Amino acid sequence: VPPIIMTLTAENLPSNLAGTGFSIITLCQNIGITLSAPLAGYIIQTTHSLSLTFFGISIFAFAGAVTALTLKTK
């Protein structure tokens, strides 16, 4: 997770919820690390195409960007 995300979490949450925000970000990061490598390997193995693998990975990046754009800030 880039440091800017941790900084924004600390700025946008009250001090009593900052720890919860950090733990949610860390949990999502660890889930992403756990699932991304096997998923990419599965896509490579089934399609034999790096282009489709990169497309599959970019779908998750696009979904994260859309989610981030729809969040409301203070």
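## A kink in helix H2

Let's start with a bend: helix H2 has a kink of about 25° at Ser-36. The proline Pro-38 follows shortly after that kink. Keep in mind as you look around that this is a predicted model.

How far apart are the end C-alpha atoms of H2, which covers residues 18–47? They are 42 Å apart. With 30 residues at 1.5 Å a residue, the helix should span 44 Å, so the two values agree. Just after H2 comes His-48, where phi is positive, at about 55°.

## The buried side of H2

Which residues of H2 are buried? They are Ala-18, Gly-21, Ile-25, Ala-40 and Ile-43. If you follow these buried residues to their packing partners, you will find helix H1, made up of residues 3–12, and helix H3, made up of residues 50–70.

## Thr-9, a contact from H1

A good place to see H1 in detail is Thr-9, which is found in that helix. Is Thr-9 buried or exposed? Its relative accessibility is 11%, and because buried means under 20%, Thr-9 counts as buried.

Leaving aside residues up to four places away in sequence, Thr-9 touches Gly-21, Phe-22 and Ile-25. Two of these names may be familiar: Gly-21 and Ile-25 are among the buried residues of H2.

## A pocket lined by H2 and H3

Now turn to the second largest pocket, which has a volume of about 160 Å³. Its lining consists of Gly-32, Leu-35, Ser-36, Leu-39, Ala-40, Ile-43, Gly-56, Ile-57 and Phe-60. Ser-36, the site of the kink, is therefore one of the lining residues as well.

Which helix gives the largest share of this lining? That is H2, with 6 residues. H2 and H3 each supply at least two lining residues. Sorted by class, the lining holds 6 nonpolar and 3 polar residues, and no charged ones. The buried H2 residues Ala-40 and Ile-43 also appear in the lining.

## Phe-54, an exposed residue of H3

Finally, visit Phe-54, which lies in helix H3. Phe-54 has a relative accessibility of 56%. Exposed means over 50%, so Phe-54 counts as exposed.

What separation do the C-alpha atoms of Phe-54 and Thr-26 have? They are separated by 24 Å, and the two residues are 28 residues apart along the chain.

Terms used: Residues numbered from 1 in each chain as written. Predicted model: local features only at pLDDT ≥ 70, side-chain atom pairs only at ≥ 80, totals over all residues. Heavy atoms only, no water. Helix = DSSP H or I, 4+ residues; strand = E, 2+ residues; numbered from the N terminus. Expected span 1.5 Å × (residues − 1). Bend = angle between axes of the 7 residues up to and from the residue. Buried < 20%, exposed > 50% of the residue type's maximum accessible area, 1.4 Å probe, protein only. Contact = heavy atoms within 4.5 Å. 1 Å grid on protein atoms, 1.4 Å probe; cavity = no way out; pocket = protein on both sides within 12 Å on 5 of 7 lines; lining within 4 Å. Points joined across faces, edges and corners; volume = space filled by probe spheres on them. Nonpolar A, V, L, I, M, F, W, Y, C, P; charged D, E, K, R; others polar.
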